[in-house]
Every structure is written in structure tokens, then in C-alpha cells.
Amino acid sequence: MQATTIDQIITELETIIADAIQTGSRAGYFAALYHKVTCKVKEGILAGEFEDGKRMEQLDVTFASRYIKAYHQWRQKQQPSASWALAFSIFNKPRKMVLQHLLIGMNAHINFDLGVAVVETARAFNQPLAQVHKDFNAINTILSALTYEVINELNQVSPLMSLAGLHAQNNSILIQFALGNARDGAWCFAEDLYTRTGQDYLNLISSRDADINKLGLGIVAPVGLLSFTVWLIHLFEWRNPSRITRVLNEYKKTYLKVN
């Protein structure tokens, strides 16, 4: 059943996390991060931090539902979007860093899903796209803050994570992934998509998915010296996916309001 409230989304995410812990699936990594994001959006709505709480809840539900739908498609051996198929494809590859799992999920969700969700929300409320821009930025503010908190905490499960900094000048998307750039790209995509209808609308979504899938390849398959560094970092990471998911899920930190 399609979720219609933010509480239902939170319950869905908790189910994914619980299942990942029980089965030892790496699917729990991104789900744990995203659960924090959704809970913070709910807190913000209840505190009146957003311009339109009802619209923000709709945006959050529409946005999160795209990830949850893709996850269930993958579980049922159906074909999700290419961006998510790539993210899910590394669950069974034990040599991938935890950070790669988080970034490839963010790549699919921000670079691809967010633009579609914003357009669908604006149309559902019969509003110009620009009117949803503040909500769009608020989602990104929360996601950015919590993502960097979690990444900073990865030292607990990945003690050599700081070695990635040795490649600061590397052009790899794995090193240069920036939430600001992802946000700006998602908004430009939304602006273009908002002007489309019918098959033209669907074609643009398909084209965007293909582009983001290609971008994601740089996250899951770095090359050159960076690939060795990634291997070395992962060599010293925790090996138990359930334990890692628990850490990512249970870590809490005070979050500043977005307004």
C-alpha cells in the first residue's frame, strides 16, 4: 500500500532497517541515514518550521516513496530505475566501503528522485514550481546536516576513512560528491521537468535516470590509485553489516532548526 503520511514512511523505513539487521543486509546503511532525515522533517513540521507543513509532508512522502518503491521492486526481483538498481547491486559486494553505500543511495535519491518529487508535489497543490523552492531547500538542509554528521561518525566503523582525504584533488565523483551540486542539479532538472507533459515528461525522467546511473558508476567503481585506497579503507572496516546498521541507526545528535 502506498504511504500517504510521514508516519507511514517512518514505519516503512523502520521495517527496512529491522529486516536488514535481522538478515545482515547492507540495505540498512542508507535506510538508517534516511530514517534520521524523515524524523527530522516530521519534527520540523510539528514545530512549524516550514512554510506549509501540509505541503512539506506531501513532498516528504512523495520523495521517500520513490526510494521505498524502488527497494521493494528490487526485493521482488522487479526492475527499479537504473539509478537505484546500481545502488542495490552493491549490497552483495562485500568489498564496497560503507561510504560508497551511502553516497550511491544519495546519488539516486537526490540527483534523480528529488526533482521528480518536487514537480509532483507542486502539481498536486496546483502551484508554480517556485513556490515549493523553500521546501526543496529545507529538505536539502536537513539531508546535508545529517549526512555529514553520519559520515563524520563513520570513523567508528571505518577507522581509515580519513585516507580518502589524500585524494582531495581527484576528480572522482566518490571524492568530489557535493550535496550542494546535487541540490542545484536536482532543481534544474525539476525546472525542466515541470514544463513537460505526457510522453515528453516520461522521456525526460528516463533520460535523467540514465545520466545519474552513469554518474553513480564513479562512486561504485573508482579507478587508479583511488581504487587501492578504497580497498585499504575497507580492509579495516567492520565486517558485520548488522552491527554497522545498528550504529548508523542509533547514533543521535542535536540538530539545529532549519529556519
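Helices here are DSSP runs of H or I with at least four residues, and strands are runs of E with at least two, numbered from the N terminus.

**Figure 1. The whole chain is built from 11 helices and zero strands.** The model shown is predicted. From the N terminus on, the elements run α-α-α-α-α-α-α-α-α-α-α. The protein has 259 residues, of which 52% count as buried. It exposes about 12,200 Å², with carbon and sulfur atoms supplying 53% of that area. Among the contacts with a separation of 6 or more, 81% are between residues 24 or more positions apart.

**Figure 2. A salt bridge joins lysine 134 and glutamate 51.** The structure holds 10 salt bridges. Side chains of opposite charge can pair when their charged atoms come close. In this view, the side chains of lysine 134 and glutamate 51 meet at 3.6 Å, N to O. The pair links distant parts of the chain, 83 residues apart: lysine 134 belongs to helix α6 (residues 133-153), while glutamate 51 sits in the loop between α2 (27-46) and α3 (53-75). Lysine 134 counts as exposed because its relative accessibility is 59%, which is over the 50% cut-off. Glutamate 51, with a relative accessible area of 49%, is partly exposed. Both residues belong to a network of salt bridges that links Glu51, Arg55, Lys134 and Asp135.

**Figure 3. Arginine 66 and aspartate 113 form a salt bridge.** The closest N and O atoms of the two residues are 3.0 Å apart. Arginine 66 lies in helix α3 and aspartate 113 in helix α5 (residues 98-124), so the pair ties together parts that are 47 residues apart in sequence. Aspartate 113 counts as buried because its relative accessibility is 1%, and the cut-off for buried is under 20%. Arginine 66 counts as partly exposed, at 23% relative accessibility.

**Figure 4. Arginine 183 forms a salt bridge with aspartate 184.** Here the closest N and O atoms are 3.2 Å apart. Arginine 183 is partly exposed, with a relative accessible area of 31%. Aspartate 184 is also partly exposed, at 39%.

**Figure 5. Arginine 123 is in contact with residues further along the chain, including Tyr194.** Arginine 123 is found in helix α5 and counts as partly exposed, at 35% relative accessibility. Leaving aside neighbours within four places in sequence, its contacts are Leu193, Tyr194, Thr195, Arg196, Thr197 and Tyr201. Arginine 123 and tyrosine 194 are 71 residues apart along the chain, and their C-alpha atoms are separated by 8.5 Å.

**Figure 6. Helix α10 has its buried residues on the same side.** The helix covers residues 225-235. Its buried residues are Leu226, Thr229, Val230, Ile233 and His234. They cover an arc of only 135° around the axis, which puts them on the same side of α10. An α-helix has 3.6 residues a turn, so residues three or four places apart point the same way.

**Figure 7. A nonpolar patch on the surface includes leucine 225.** The patch is formed by Leu225, Phe228, Trp231, Leu235 and Phe236, with about 540 Å² of accessible area together. Leucine 225 lies in helix α10. This residue counts as exposed because its relative accessibility is 63%.

**Figure 8. A side chain of asparagine 240 reaches the backbone at the start of α11.** A side-chain oxygen of asparagine 240 comes to within 2.9 Å of the backbone nitrogen of serine 242. Helix α11 runs over residues 241-250. Its buried residues are Pro241, Ser242, Ile244, Thr245, Val247 and Leu248.

**Figure 9. Lysine 77 has a positive phi, and so does asparagine 126.** Phi of lysine 77 is near 60°, a positive value in a residue other than glycine. Lysine 77 is found in the loop between α3 and α4 (82-89), and it is exposed, with a relative accessible area of 78%. For asparagine 126, phi is near 55°. Asparagine 126 is found in the loop between α5 and α6 and counts as exposed, at 73% relative accessibility.

Terms used: Residues are numbered from 1 along each chain as its sequence is written. This is a predicted model: local features need pLDDT of at least 70, side-chain atom pairs count only at pLDDT 80 or more; totals for chains, interfaces and linings use all residues. Side-chain values use heavy atoms; hydrogens and water are left out. Buried means under 20% relative accessible area, exposed over 50%, partly exposed in between (1.4 Å probe, protein chains only). A polar contact is a pair of N or O atoms within 3.5 Å; within protein, one must be able to donate a hydrogen and the other to accept it, and residues adjacent in sequence count only if both atoms are side-chain atoms. Patches are made of residues with over 30% relative accessible area and no salt bridge: like charges are joined within 9 Å, nonpolar side chains (Val, Leu, Ile, Met, Phe, Trp, Tyr) within 5 Å. Accessible areas come from the Shrake-Rupley method with a 1.4 Å probe; for residues, only the protein chains shown count as cover. A salt bridge is a side-chain nitrogen of Lys or Arg within 4 Å of a carboxyl oxygen of Asp or Glu. Contact means heavy atoms within 4.5 Å. The arc is that of the directions from the helix axis to the C-beta atoms.
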